Amino acid sequence: MSYKVSLPLFEGPFDLLVYLIENARMNIYDIQISEITEQYLAYLEKMQEQDVAVAADFMVLAATLIDIKARMILPRNQDLPPDEAEPDPRSELVERLLEYKRYKELAAVLGERAEKNALIYEKPQEDISAYLENPDIYLSLTVENFMSAFELFLQKERRVAEVKAHYQRIEREKASIESRIVYIRDRLQRALRNGLKKLSLRDLIPNKKDKYDVIVTFASLLQMMKEHLADAEQRTTYGEIFVKPQSRARKEAEDVQ
């Protein structure tokens with residue numbers, strides 16, 4: 001059985017080098033060049049084994065590490081004064097690593113800000129010069145003119161209130177007609193159960209002295225005749241009006257019995 005090793009992806013050679021140094025918990029100012037170089041070259045070999053394209057800059061850094069490693073092995077001249085001593089071969093690499101880390105941290109901060117700014121929606125700027133250039137307009141009114149305008153306002157409010165009251169009254173009447181139909185049907189069914197086939201319209205008006213109640217009852221009867229729930233008969237002009245249920249309503253009363 002063959003095994004595959006998944007290698008982490010790095011943005012560049014310095015990204016890999018920083019990862020190796022931090023993973024080994026080394027001080028970036030005191031890099032163990034020999035150990036880091038071996039790890040770096042081993043990683044490049046794994047990339048080549050997995051047919052991963054190795055960029056040229058990875059190879060350049062590998063050569064730089066090997067060069068630094070070679071110079072670290074060579075003996076130094078101890079007889080030179082301190083101001084003329086040979087510089088540490090790692091110093092240039094350390095400076096480049098520190099600069100890379102600074103840029104990487106700044107790039108991370110900018111990336112976070114870009115994500116936050118992507119959630120912010122700005123309103124396009126509008127031209128408001130027309131409002132800034134025109135002076136404010138002040139009304140010049142006398143007390144009489146103001147009182148007249150206020151009286152017109154009150155009249156308009158009264159008319160609106162009257163219209164609202166009218167529509168509210170119509171809604172109340174509609175509800176009253178529906179409830180009165182239920183009342184009339186109940187009276188007719190009870191009359192049938194008691195052997196009476198019809199009732200006088202007067203007997204179906206709860207409050208005969210109230211004109212509104214008389215009108216609602218008469219309107220309810222007309223609606224019942226339209227819906228084939230009741231019949232009405234008047235044998236003489238201005239005579240008594242008798243109400244009786246139609247066949248469907250009579251059948252319902254008989255079923256109740």
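## Contacts and overall layout

Start with how the chain meets itself: of the contacts between residues at least 6 apart in sequence, 57% join residues at least 24 apart. Keep in mind that this is a predicted model. The protein is built from eight helices and three strands, and along the sequence they come in the order α-α-α-α-α-α-β-α-β-β-α.

How much of the protein is buried? Of its 257 residues, 22% count as buried. About 20600 Å² is exposed, and carbon and sulfur atoms supply 55% of that area.

## Helix 1 and its partners

Helix 1 is a good place to begin the tour. It is mostly covered, with eight of its 11 residues buried. Those buried residues are Pro13, Phe14, Asp15, Leu16, Leu17, Val18, Leu20 and Ile21. What do they pack against? The buried residues of helix 1 pack against helix 2, helix 3 and helix 4. Just past the end of helix 1, arginine 25 takes a positive phi of about 55°.

## Helix 4

Helix 4 takes in residues 91-117, which makes 27 residues. From its first C-alpha to its last it reaches 39 Å, close to the 39 Å expected at 1.5 Å a residue. Inside this helix, Leu93, Val94 and Leu97 are buried. There's a bit of helix geometry worth recalling here: an α-helix has 3.6 residues a turn, so residues three or four places apart point the same way.

The buried residues of helix 4 pack against helix 1 (13-23), helix 2 (33-49) and helix 3 (56-73). The packing between helix 1 and helix 4 thus shows up from either side, since the buried residues of helix 1 also pack against helix 4.

## Salt bridges across the chain

Side chains of opposite charge can pair when their charged atoms come close. How many salt bridges does the structure hold? There are 10 salt bridges. Here are three of them, one by one.

One joins the side chains of glutamate 22 and lysine 101, at 3.4 Å from N to O. This pair links distant parts of the chain, with glutamate 22 in helix 1 and lysine 101 in helix 4, 79 residues apart. Glutamate 22 is partly exposed, with a relative accessible area of 48%, and lysine 101 also counts as partly exposed, at 28%.

## Arginine 90, a buried charge

The next salt bridge is between arginine 90 and aspartate 30, whose closest N and O atoms are 2.9 Å apart. That pair, too, links distant parts of the chain: arginine 90 is in the loop between helix 3 and helix 4, aspartate 30 is in the loop between helix 1 and helix 2, and their positions lie 60 residues apart in sequence. The side chains of arginine 90 and aspartate 30 are also joined by a polar contact of 2.9 Å.

Is arginine 90 buried or exposed? Its relative accessible area is 12%, so arginine 90 counts as buried. Aspartate 30, at 37% relative accessibility, counts as partly exposed. Leaving aside neighbours within four places in sequence, arginine 90 is in contact with Asp30, Ile31, Ile33, Ile68 and Met72.

## Toward the later helices and strands

Further along, lysine 198 forms a salt bridge with glutamate 233, with 2.9 Å between the closest N and O atoms. Lysine 198 lies in the loop between helix 6 and strand 1 (199-200), and glutamate 233 in strand 2 (residues 230-233), so the pair ties together parts 35 residues apart in sequence. Lysine 198 is partly exposed, with a relative accessible area of 35%. Glutamate 233 counts as partly exposed as well, at 24% relative accessibility.

Helix 7 covers residues 211-226, and alanine 219 is found in it. At 25% relative accessibility, alanine 219 counts as partly exposed. The C-alpha atoms of alanine 219 and isoleucine 177 are separated by 7.1 Å, though the two residues are 42 apart along the chain.

## A nonpolar patch on the surface

Last stop: the surface. Which residues make the nonpolar surface patch of about 640 Å²? The patch is made by Leu141, Val143, Phe146, Met147, Phe150 and Phe153. One of these, phenylalanine 146, sits in helix 6, which covers residues 143-193.

Terms used:
Residues are numbered from 1 along each chain as its sequence is written. This is a predicted model: local features need pLDDT of at least 70, side-chain atom pairs count only at pLDDT 80 or more; totals for chains, interfaces and linings use all residues. Side-chain values use heavy atoms; hydrogens and water are left out. Patches are made of residues with over 30% relative accessible area and no salt bridge: like charges are joined within 9 Å, nonpolar side chains (Val, Leu, Ile, Met, Phe, Trp, Tyr) within 5 Å. Accessible areas come from the Shrake-Rupley method with a 1.4 Å probe; for residues, only the protein chains shown count as cover. A salt bridge is a side-chain nitrogen of Lys or Arg within 4 Å of a carboxyl oxygen of Asp or Glu. Helices (H or I, at least four residues) and strands (E, at least two) are DSSP runs, numbered from the N terminus. The expected span of a helix is 1.5 Å times one less than its number of residues. Buried means under 20% relative accessible area, exposed over 50%, partly exposed in between (1.4 Å probe, protein chains only). Contact means heavy atoms within 4.5 Å. A polar contact is a pair of N or O atoms within 3.5 Å; within protein, one must be able to donate a hydrogen and the other to accept it, and residues adjacent in sequence count only if both atoms are side-chain atoms.
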